[in-house]
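Trainee: I am new to this structure and would like a close look at a single part of it. Could you choose one helix, take me through it with care, and then show me what surrounds it?

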Amino acid sequence: MTFGLVFEQLLNGLQFGVTLFLMAAGLTLVLGIMNFVNLAHGSLYMVGAYLALAAANWTGSYLAGVALGLAGTLLVGMLIEVIALRTLYARDHLDQVLATFGLILFFNELVAILWGRAALFASPPSWLSHHIDLFTGSRYPAYRAAIIVVGFFVAALLWYVVTRTRLGMLIRAGASNRTMVAALGVNIRLLYTLVFGFGAALAGLAGLMAGPIYNVQPGMGELVLIQVFVVVVIGGIGSVRGALVGAIIVGIVDTLGRAFLKPLMATVISAPAAESAGPALASMLIYLLMAAVLAFRPQGLFPARGG
Amino acid sequence: MAARKILPWLGAAIILALLPPFLLAIGQPFYLDLARRILILAIAAVSLNLILGYGGLVSFGHAAYLGIGAYAVGILGFYGVGNGWLHILAAVVASALVAAAIGAVSIRTSGIYFIMITLAFTQMLYYLGISVAEFGGDDGMRLKTRSLFPLVDLNDPVAFYYVALALVILSIFVTHRIVHSRFGMVLRAAKSNESRSRAIGFSPYPYRLAAFVISGAMCGLSGALYANHTNYITPNLMSWQQSGDLMFMVILGGMATASGPVLGAFALLLVEDLLSGWTQHWQVILGPLLILSVIFFRRGLAGIFYKADA
């Protein structure tokens with residue numbers, strides 16, 4: 001287990017972490033501001049991946065695929081908010097969970113009808129399919145490095161929008177007292193639709209960037225969604241900063257666990273026992289981490305103020 | 001008054017009891033299989049109703065106990081233990097222990113945290129099921145033998161059906177007794193007003209945890225039966241879709257009603273069967289139907305039969 005290998009896996013963890021962050025940011029904003037649980041957030045991730053893939057094949061340009069994928073997910077998100085989800089803001093979380101569960105079934109099957117059930121392969125653009133040299137002497141895929149850069153860029157942008165712009169001020173105001181904001185003459189319904197669509201586009205971005213790394217297939221969003229829940233619980237609901245820290249912790253712990261837990265355990269217990277216990281424990285690691293965080297801080301690491 | 005309440009139950013029990021001879025007479029044994037599956041999952045729905053309907057604990061991870069009950073039967077069978085009583089005991093005890101562990105952490109939280117945490121823990125068990133290759137891993141595992149009981153042979157579809165029916169009735173009865181006991185009163189009080197129940201001296205945590213454990217154990221029983229029903233266990237029993245299905249059974253039927261979960265199990269699984277016989281893309285229809293039912297059909301099926309009963 002050389003330093004170079006560990007460093008490479010750390011980068012992989014970071015790349016997985018920023019993907020989780022893009023999902024978690026949208027989910028936590030919608031939760032914190034509208035008090036709405038959106039299980040179908042994973043479906044938007046899937047929709048983003050499929051739309052970008054289809055658009056890239058159609059136009060022949062990766063960047064056009066990204067642009068159309070983002071615009072498409074934004075539109076799909078705003079559409080489902082206006083048609084179905086808007087009426088559920090006033091309901092309890094149970095109703096929201098159930099209705100968005102129905103949406104998941106719908107989207108997974110719709111995607112299967114349009115593109116089939118088999119996994120599709122997306123490839124990174126040719127200008128990102130090379131490797132870059134790391135200072136440790138090993139080489140790292142440029143595409144994964146680009147995801148990390150984009151992830152942190154979006155995080156910075158999000159921080160700027162939420163804390164430094166008028167739109168962000170309205171969003172924060174809407175989170176603390178929606179009636180008051182509406183009384184001051186702000187169109188709160190439009191604001192909610194925008195925030196929802198914005199969150200959807202972030203999920204779509206995560207999905208379309210993940211496409212070339214994992215398979216693009218129906219149901220791809222739910223696996224990520226549940227890990228994103230872990231991120232939001234660890235980070236604290238409604239907190240974008242918590243989402244960033246939680247996502248990077250979860251991404252790194254999960255990736256390092258899958259890579260190194262089995263060989264590490266083999267040095268302590270017998271190799272065949274490690275062979276079966278290693279992967280089992282690795283896949284449970286982030287949930288155990290969540291339980292540990294909850295035991296000490298039930299509100300997460302960075303609870304949002306005034307929520 | 002009492003007769004008016006007992007009569008519908010008696011009628012439903014008689015209809016369900018007459019179902020096997022009727023289905024065999026018209027030559028549709030497949031529907032006996034479906035009816036048995038519905039009854040077995042109805043037990044799980046009844047158990048979920050105890051914490052979701054009466055306790056207000058929105059557990060999005062109830063499929064965990066279904067899976068643990070099923071794996072208890074499968075693993076004991078794998079090591080050559082066929083005794084049905086041992087299977088049931090192991091299923092119930094294992095589910096209760098896991099429910100105690102999960103409940104102890106999750107019930108400290110509330111609201112949306114509780115939903116996400118119960119879901120996450122169940123997902124953890126799902127991944128555990130996938131990664132343990134000895135017991136089939138991702139592909140699942142065929143049971144070596146169905147649970148063996150004296151007098152009753154579960155290989156006989158009709159006998160198994162009556163076992164399932166008897167256990168559904170038992171689980172409804174047990175839930176009814178729990179809900180109307182002093183314990184159940186505290187549980188319901190904590191749901192309707194937590195701070196008031198604290199003020200009169202009841203801390204909800206131990207009551208909720210106990211209900212969570214009882215519910216998990218009952219669902220484990222359902223899982224043990226389900227393993228015998230399919231003769232096959234797979235991690236999919238613990239998938240989040242299965243948890244969602246169980247929640248929908250309770251909601252469609254009517255939360256916090258005695259008959260709701262059973263009505264909901266019949267409604268959901270019959271609609272699923274109908275749609276899936278019609279098109280392979282049935283979920284594209286079921287999804288919007290479920291959304292509409294959440295938005296417009298708020299009181300559930302039991303609400304049709306019992307007009308505002310407070």
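Mentor: Just after α2(B), in what is a predicted model, B:G56 takes a positive phi of about 70°. The helix before that glycine, α2 of chain B, covers residues 29-54, and because each of its 26 residues should add 1.5 Å, a span of 38 Å is expected, which agrees with the 36 Å between its end C-alpha atoms. Along the way, α2(B) bends by about 35°, and the bend is placed at B:L48. Of the 26 residues in α2(B), 19 are buried, so the helix is largely enclosed by the rest of the structure.

Chain A has its own helix α2, made of the 19 residues 41-59, whose expected span of 27 Å agrees with the 27 Å between its end C-alpha atoms. This α2(A) is mostly covered, with 15 of its 19 residues buried, and it is followed by A:G60, whose phi is positive, near 80°.

Turning to the wider surroundings, the largest nonpolar core holds 191 residues, among which A:A24 and B:A120 touch the most other members. Leaving aside residues up to four places away in sequence, B:A120 touches A:I226, A:F229, A:V230, A:Y287 and A:M290.

The contact between the chains takes 36 residues from chain B and 38 residues from chain A. On the side of chain B that touches chain A, α5(B) gives the most, with 14 residues, and the residues of that side divide into 27 nonpolar, eight polar and one charged.

Note on methods. Residues numbered from 1 in each chain as written. Chains lettered and ligands numbered in written order. Predicted model: local features only at pLDDT ≥ 70, side-chain atom pairs only at ≥ 80, totals over all residues. Helix = DSSP H or I, 4+ residues; strand = E, 2+ residues; numbered from the N terminus. Expected span 1.5 Å × (residues − 1). Buried ≥ 20, exposed ≤ 12 C-beta atoms within 10 Å, placed from the backbone. Core = buried A, V, L, I, M, F, W, Y, C linked by C-beta atoms within 7 Å. Contact = placed C-beta atoms within 7 Å. Bend = angle between axes of the 7 residues up to and from the residue. Nonpolar A, V, L, I, M, F, W, Y, C, P; charged D, E, K, R; others polar.
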